[in-house]
Structure formats: C-alpha cells, structure tokens
Amino acid sequence: PKAERTFLAVKPDGVQRGLVGDIIKRFEQRGYKLVAGKLMWAPKDLLMNHYKDLSDKPFYKGLVEYMASGPVFAMVWEGKEVVKMGRKMLGATNPLQSEPGTIRGDYCIDVGRNICHGSDAVETAQREIALWFKDEELCDYEFADKKWVYE
Ligand code: DAT
Ligand code: MG
C-alpha cells in the first residue's frame, strides 16, 4: 500500500514572518518525510479551486485575496497517519482555539492570518496534491534511518 501523504502550505503571512523553517522542522523532527516543496505566488484560479468547498462562505473572497497576497510555500509530506497528525500539529482553524504547542497555537491569533494550511482528510490530500504539484515534482526516496522511526 502507498504511504499516506498530506498537502501543507505555509500561507503568505507565515512566509513573511519567517516561519517556513520552523514548520518544516516540526514535521522533520517528528519523523515525517518531505516529498515535495516549492515557493510560489499561487494563481487566483488555483486558490479558488483549492478552497472551492468554501465558495459560498462570506469570507471566501477575502481568503483567496489573502492567499494571493504573497508567495506561499507548498509542500507534500509522507508518513504514517500524516494527514490526521498534520492537522493535530497545526492546531484548530481558529488560532485562539489552538493549543499552545501547535503551529497555530504558537504563532498566530486571527483566523484570517492562521499561517499554515493542512489537508483535512486523505481524499482531500490527494485532490490538493494533484492540484498543486505535477507528478514529477514528487520525490520518491527512502530515509536511511527508516527502521529507527518505524518498527
Ligand atoms: P482549515 O484551514 O483549518 O482547514 P477551513 O478549511 O474550514 O479551515 O477554512 C479554510 C480557511 O478559511 C481557514 O484556514 C481560515 C479561513 N476561515 C475559516 N473559517 C473562517 C471564518 N469563520 N472567518 C474567516 N476566515 C475563516
Ligand atoms: Mg480546510
């Protein structure tokens, strides 16, 4: 069976505030494997598609504008239950509800400036990875210390 993958993106505020390295570090030190990553100005149509399930929400337009206001750092991470654990590491959508120790709980306050995106389910992750990355951008490799992380 293929290893589970999730899509993460450091949002424009996270990039501006210099948090790309910390967010990568948290997933690296947990033992997850970076499969792809790129800094990019996300096109509006990509962002509208990415958030299409929220298109009838009052905050949708502002959300897309915020996501287009600067470069984002898009990533794919792989490992056991990385989708669910990624959401846990991110914290709640509203940072004021995010526990200290989580990414949002450590670095932000407002829901419209919550610094990082993470897929909410395995199927969502597959859709988002396909939306943001070409197949050839995903790196296939194994960690040399794999047997020290997984039993
Ligand atoms: P998440 O990013 O935790 O998956 P979501 O998918 O429900 O949350 O919403 C996507 C983003 O939209 C979220 O990160 C911030 C913004 N957002 C969500 N709810 C909001 C609200 N009530 N007011 C303003 N922005 C909101
Ligand atoms: Mg979401």
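Student: Leaving aside its neighbours within four places in sequence, with which residues is Thr-93 in contact?

Tutor: This is a predicted model, in which local features need pLDDT of at least 70, side-chain atom pairs count only at pLDDT 80 or more, and totals for chains, interfaces and linings use all residues. Residues are numbered from 1 along each chain as its sequence is written, chains are lettered from A and ligands numbered from 1 in the order in which they are written, and side-chain values use heavy atoms, leaving out hydrogens and water. Thr-93 lies in the loop between α5 (82–90) and α6 (103–107); helices (H or I, at least four residues) and strands (E, at least two) are DSSP runs numbered from the N terminus. With contact taken as heavy atoms within 4.5 Å, and neighbours within four places in sequence left aside, Thr-93 is in contact with Arg-87, Arg-104, Val-111 and Asn-114.

Student: Is Arg-104 buried or exposed?

Tutor: Arg-104 belongs to helix α6, and its contacts beyond four places in sequence include Lys-11, Thr-93, Asn-114 and His-117. Buried means under 20% relative accessible area, exposed over 50%, and partly exposed in between (1.4 Å probe, protein chains only). Thr-93, at 43%, is partly exposed. Because its relative accessible area is 4%, Arg-104 is buried.

Student: Which residues of the UniProt "binding site" feature does the lining of the largest pocket take in?

Tutor: The unreviewed UniProt entry places this feature at Lys-11, Phe-59, Arg-87, Thr-93, Arg-104 and Asn-114; UniProt positions follow the numbering used here, feature names are shortened, and annotations may be inferred rather than shown by experiment. A pocket is found on a 1 Å grid over the protein atoms alone, as an open set of points where a 1.4 Å probe fits, with protein on both sides within 12 Å along at least five of seven lines; lining residues have an atom within 4 Å of a point. From the annotated set, the lining of the largest pocket takes in Lys-11, Phe-59, Arg-87, Thr-93, Arg-104 and Asn-114.

Student: How far from an oxygen atom of ligand 1 is a polar side-chain atom of Arg-87?

Tutor: Among the residues surrounding ligand 1 are Tyr-51, Leu-54, Leu-63 and Arg-87, nearness requiring a heavy atom within 4 Å. A polar contact is a pair of N or O atoms within 3.5 Å; within protein, one must be able to donate a hydrogen and the other to accept it, and residues adjacent in sequence count only if both atoms are side-chain atoms. Lys-11 places a side-chain N or O atom 3.0 Å from a ligand 1 oxygen, and for Asn-114 the distance from a polar side-chain atom to an oxygen of ligand 1 is 2.8 Å. For Arg-87, the corresponding distance is 2.7 Å.

Student: Which element gives the largest share of the largest nonpolar core?

Tutor: A nonpolar core is a set of buried Ala, Val, Leu, Ile, Met, Phe, Trp, Tyr and Cys residues joined through side-chain atoms within 4.5 Å. The largest has 21 residues, and Phe-7, Met-67 and Phe-133 are among those with the most contacts inside it. Elements giving two or more residues include β1 (5–10), α4 (60–67) and α7 (122–132). Five residues, the largest share, come from α4.

Student: Which backbone oxygen lies 2.6 Å from a polar side-chain atom of Thr-102?

Tutor: Thr-102 is located in the loop between α5 and α6, and it counts as buried because its relative accessibility is 11%. The backbone oxygen lying 2.6 Å from a polar atom of the Thr-102 side chain is that of Glu-99.
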